[in-house]
Amino acid sequence: MTTEPALSSAPALNRARQLEMYRRALRVMPGGTDSNFRAWGEDTIYVDRGQGGLVWDVDGNEFIDLRMGYGPVILGHGDERVDDYVNERMRKGVSFSLTSEDEVRTIELICELTGWVDQARMTVSGTEATMHAMRIARAYTGRNKIVKFEGQYHGVHDYALISVGPDDMSELGDADNPVRLTWGRGIPEQVADTIIPARYNNIEFLRRLFEREGDDIAAIIVEPVLGNAQGIMPEPGFHQAMRALTEEFGILLIFDEVKTGFRFAKGGAAEYFGITPDLGTYAKAMGNGYPAAAFGGRAEVMSVLPDKVSHGGTYAGNRVAAAAAVKTLEIIRDTDALETIRATGLRIQDGLREVLNPTGLPYHFTGHPSMFGIMFTDKVASEYRDWANTDHELYDAIAIAMQPRGAMPEPDSREPWFVCEAHAQGDIVDRVVTAFQGALGEALAARAQGHPQAEARGAMSHPAAG
Ligand SMILES: Cc1ncc(COP(=O)(O)O)c(C=O)c1O
């Protein structure tokens, strides 16, 4: 028996300028955007500005931003501490393809905060970071294959776009023998064949795989939580068992901390879960939205650079990114920003519980309070395939109905809510909860009246999967 929250009618959003811009952009940009993940048809959002935890579109609509650029903006939009430092440093010049002290400082901070990374290098994106980490693992071990988990996203290079996020789980193949499902066309079969999809939280699967093919496997790359599938958490002991198994078979462990790094803890998810990987990749939280990223690891593994492995990049370590990383990482090191973010995430969850509990709907929160998902199911999901059995249509309908109520989570349940330091300010938490309450009422009422639920249109739902 469920009790529905009171129905409140949704205020209409003015979208006139955005529709006009969409039509204009469509002529010159595929889908009207620079990324498939932002192409939401006529609902595509064209942004004007952000400040703190808020964002405004070009029609002047104001939202509490729960996407925060898919995670990077960990302190808040337009953070003066970071922006002022970047402004000061960039006046000295931006790109030299020479090395500045800001780059050295960035890597020193990564080593200090993680405690286990001995050496690292900067890249511009998380995609590059995972691509280089995979190459280093191959070079170091002399083996070709990389294991990745179903439902995990490691960027848009060919080696990463395997078994990422289909809606239909049958596309992933038999549970005991998953297929290498490429996301979109253009990925050579020979490349796909070097990637072995595995099932998260299934250590027995890994052991069988290693016994069969371990001699060919260079590394496992893992998002410590399924950050691109609602933040599904590892079962107790999973990471420890995986670490032990990789050591037994001489396989490297790559923690893809692009989302979790400098967010779950000052030392990232490796610190949070008490694991020492061999390689790590970082991006989002390290630059508060500026395009800073890095890969790094144990000195012995990294020693294949610079002589034996190619790595470079005209913009790698450019001044803007490096200065942003220095200041952001110093703030994370020297202040209680991460504690504020965690506490704010918990306050939001408390408010959502008060709304959800009286309805009798089965739900639970996934992930970390700073980056959490809401799953409508009574079964705790342990891998990507479980997501299919949740009521994600309800989630998507709520997320879409939150927008006209002034809060913007990703309208796809697979993408978590990202909390930033500035969300602690003013009445933001209350406004998020009120928007959620109204949206839940609307979604349940629409369902009760038999209306089709709004379709997900966020990051992982893009039909590029094809
Ligand atoms: C875990 C993970 N790895 C890698 C990437 C790719 O990073 P980027 O978008 O900066 O290329 C992402 C992006 O969402 C990510 O979540």
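## Exercises on a predicted model

Val-147 stands opposite Ile-196 in strand S8. Keep that pair in view for the opening exercise, and remember that this is a predicted model.

### Exercise 1: the sheet of 7 strands

Work out where S8 sits in its sheet, and how S5 and S8 run relative to each other.

**Solution.** Start with the strand order, which is S4-S12-S11-S10-S9-S5-S8. The sheet is open, and its pairing is mixed. Next, look at the ends: strand S4 (119-123) and strand S8 (195-198) are the edge strands, each pairing on one side only. From one strand to the next, the twist averages 20 degrees.

Now zoom in on the pair itself. Strand S5 (residues 145-149) pairs with S8 in the parallel sense, over 4 bridges.

Finally, add two helices. Helix H3 (residues 101-114) lies across S4, strand S11 (279-282) and strand S12 (293-297), at about 125 degrees to S4. Helix H7 (residues 238-249) lies across S5, strand S9 (217-222) and strand S10 (252-257), and runs at about 145 degrees to S10.

### Exercise 2: the sheet of 4 strands

Find the edge strands of the sheet of 4 strands, then find the helix that packs on that sheet.

**Solution.** Write down the order first: S1-S2-S3-S15, again an open sheet with mixed pairing. Strand S1 (47-51) and strand S15 (407-408) are the edges, and each pairs on one side only.

Then check how S15 is attached. Strand S3 (residues 62-65) and S15 pair in the parallel sense over 2 bridges. For Asp-65, the bridge partner in S15 is Met-408.

Last comes the helix: H14 (residues 428-448) packs on this sheet and touches strand S2 (54-57), S3 and S15. The direction of H14 makes about 100 degrees with that of S3.

### Exercise 3: the ligand

List polar contacts of the ligand, and say how much of its accessible area the protein covers.

**Solution.** Begin with the surroundings, which include Ser-125, Gly-126, Thr-127, His-154, Glu-223, Asp-256 and Lys-259. Then pick out the N and O pairs:

- Lys-284 has a side-chain N or O atom 2.6 Å from an oxygen atom of the ligand.
- Asn-228 has a polar side-chain atom 3.2 Å from a ligand oxygen atom.
- Tyr-153 comes in through its backbone: an N or O atom there lies 3.4 Å from a nitrogen atom of the ligand.

Now for the cover. On its own, the ligand has 390 Å² of accessible area, and the protein covers 84% of that.

### Exercise 4: two residues around H11

Decide whether Gln-349 and Thr-335 are buried, partly exposed or exposed, and describe what each one contacts.

**Solution.** Take Gln-349 first, which has its place in helix H11 (residues 337-356). Its relative accessibility is 6%, and the cut-off for buried is under 20%. Gln-349 therefore counts as buried. Leaving out residues up to four places away in sequence, Gln-349 touches Phe-365, Pro-369 and Phe-372.

Then move to Thr-335, in the loop between helix H10 (319-334) and H11. At 28% relative accessibility, Thr-335 falls between the cut-offs, so it counts as partly exposed. The Thr-335 side chain has polar contacts with two backbone atoms. One is the backbone oxygen of Ile-331, at 2.7 Å. The other is the backbone nitrogen of Ala-337, which lies 3.1 Å from a polar atom of that side chain.

Key. Residues numbered from 1 in each chain as written. Predicted model: local features only at pLDDT ≥ 70, side-chain atom pairs only at ≥ 80, totals over all residues. Heavy atoms only, no water. Pairing = 2+ DSSP bridges. Contact = heavy atoms within 4.5 Å. Axes fitted to C-alpha atoms, helices over the stretch in contact; angles between N-to-C directions. Near = heavy atom within 4 Å. Polar contact = N/O pair within 3.5 Å; in protein donor to acceptor, adjacent residues only side chain to side chain. Areas by Shrake-Rupley, 256 points an atom, 1.4 Å probe, with all protein chains shown as cover. Buried < 20%, exposed > 50% of the residue type's maximum accessible area, 1.4 Å probe, protein only.
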